[in-house]
Amino acid sequence: MLALYRLFTLALASVACARTLDVRQVTNTNAAINAIVDRLDETMRHAGPAILTLMANHKLSPTTLGTQMDSIGAAFRRTTTALAATPVSGGSTTVMPTNDEIAVTYSDAMQLVSASLSGIIRNGRVPNFPTMVATLDPIMAAAATQFNKTLPNSISLVAIMLRDAGQFLLAEGFNQTFAAIKPTTAPTT
Ligand SMILES: *[C@@H]1O[C@H](CO)[C@@H](O)[C@H](O)[C@H]1NC(C)=O
Ligand SMILES: *[C@@H]1O[C@H](CO)[C@@H](O)[C@H](O)[C@H]1NC(C)=O
């Protein structure tokens, strides 16, 4: 009798456990993900124009650009850590923030990076730019991969949005980031 009772308790516990698992699989954590991606985008909205201003004011140097590259790297690293600590989202195409809205914000952050850095090589004032890119590249790639994990398949819209900016990423040496996103090539219509 006691054995049967134990078995019953065990069965109940495993049912409860299975339910918890189920719930976790369909939980929509988009709001938390959106907050993380918004923070990233906000950093890029400062860093992007700051880099363009450095160029316009002839203040571009390994030191001034290095400061911006460091803050970009820190922001993407924070993003990876925060996303990794967020439960995988069941997502939503209807409830705000939707999967697409978040992916569009993420694309915006990526585009700000690629666009603001697109003139650095030609400018020639930062000879160690390739080294800076080599440092930042795996950090941005890891963030993109984690984003696609926490919000499953979110990178596919980013890939479409980065159709044009993707070429800049490759030209700047962000090969790992490019590979993590695999920007869709422009349709030949
Ligand atoms: C993104 O995640 C989906 C599954 O959620 C997977 O099928 C796809 O291959 C991933 N994309 C990349 C570029 O890793
Ligand atoms: C990035 O890829 C391009 C083209 O595939 C290649 O020419 C270049 O050497 C690569 N750069 C790095 C840093 O691996």
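**Notes on an all-helix predicted model**

1. Ten residues of H3, listed here in full, are Gly-66, Met-69, Ile-72, Gly-73, Phe-76, Arg-77, Thr-79, Thr-80, Leu-83 and Ala-84, and they meet Met-132, Thr-135, Leu-136, Ile-139, Met-140, Ala-142, Ala-143, Gln-146, Phe-147 and Thr-150 in H6. By class, the contact of H3 with H6 holds 12 nonpolar, 7 polar and 1 charged residues. Contact here means C-beta atoms, placed from the backbone, within 7 Å. Nonpolar covers Ala, Val, Leu, Ile, Met, Phe, Trp, Tyr, Cys and Pro, charged covers Asp, Glu, Lys and Arg, and polar covers the others, Gly among them.

2. A word on reading these points: this is a predicted model, in which local features need pLDDT of at least 70 and side-chain atom pairs count only at pLDDT 80 or more, while totals for chains, interfaces and linings use all residues. Residues are numbered from 1 along each chain as its sequence is written, with chains lettered from A and ligands numbered from 1 in the order in which they are written.

3. Overall, the protein has 9 helices and 0 strands, and its pattern along the sequence is α-α-α-α-α-α-α-α-α. Helices (H or I, at least four residues) and strands (E, at least two) are DSSP runs numbered from the N terminus. Of the 189 residues, 35% are buried; a residue is buried with 20 or more other C-beta atoms within 10 Å of its own, exposed with 12 or fewer, and partly exposed in between, the C-beta atoms being placed from the backbone. Among contacts between residues at least 6 apart in sequence, 82% join residues at least 24 apart.

4. Back to the geometry of H3 and H6: their axes come within 9 Å and cross at roughly 25 degrees. The two helices are therefore roughly parallel to each other, and the crossing is left-handed. Axes are lines fitted to C-alpha atoms, for helices over the stretch in contact, with angles from 0 to 180 degrees between N-to-C directions. Angles under 35 degrees count as roughly parallel, over 145 as roughly antiparallel, 65 to 115 as roughly perpendicular and the rest as oblique. A left-handed crossing has the near helix turned anticlockwise from the far one by less than a right angle, and a right-handed one clockwise.

5. Ile-139 is a nice residue to click on. It lies in helix H6 (residues 129-150), and Ile-139 counts as partly exposed because it has 18 C-beta neighbours inside 10 Å. Leaving out residues up to four places away in sequence, Ile-139 touches Gly-73, Phe-76 and Arg-77. The C-alpha atoms of Ile-139 and Phe-76 are separated by 6.5 Å, although the two residues are 63 apart along the chain.

6. H3 also packs against H2, at an angle of about 170 degrees and with axes 10 Å apart. That makes H2 roughly antiparallel to H3. On the H2 side the contact is made by Ile-33, Ile-36, Leu-40, Thr-43, Ala-47, Ala-50, Ile-51 and Leu-54, and the H3 side includes Ile-72, Phe-76, Thr-79 and Leu-83. This contact divides into 13 nonpolar, 5 polar and no charged residues.

7. Helix H2 (residues 30-56) has helix H4 (residues 99-117) as another partner, the axes coming within 9 Å and crossing at roughly 20 degrees. H2 and H4 are therefore roughly parallel, in a left-handed crossing. The contact of H2 with H4 has 14 nonpolar, 6 polar and 4 charged residues.

8. Phe-168, in helix H8 (residues 165-172), is partly exposed, with 19 other C-beta atoms within 10 Å. Phe-168 touches Ser-114, Ala-115 and Ser-118, again not counting residues up to four places away in sequence. Its C-alpha atom is 8.5 Å from that of Leu-117, 51 residues away along the chain.

9. Some backbone details deserve a look. Most residues other than glycine have a negative phi, and most peptide bonds are trans. A cis peptide bond joins Met-96 and Pro-97, with omega about -5 degrees; Pro-97 sits in the loop between helix H3 (62-84) and H4. Asn-153 is not a glycine, yet has a positive phi of about 70 degrees, and Lys-182, also not a glycine, has one of about 50 degrees.

10. Asn-153 and Lys-182 both appear around ligand 1, together with Asn-148, Pro-152 and Ile-155; the C-beta atom of such a residue, placed from the backbone, lies within 6 Å of the molecule. The shell divides into 2 nonpolar, 2 polar and 1 charged. Asn-153, in the loop between H6 and helix H7 (155-161), is exposed, with 11 other C-beta atoms within 10 Å. Lys-182 follows helix H9 (175-181) and counts as partly exposed, with 14 C-beta neighbours inside 10 Å.

Note on methods
Contact = placed C-beta atoms within 7 Å.
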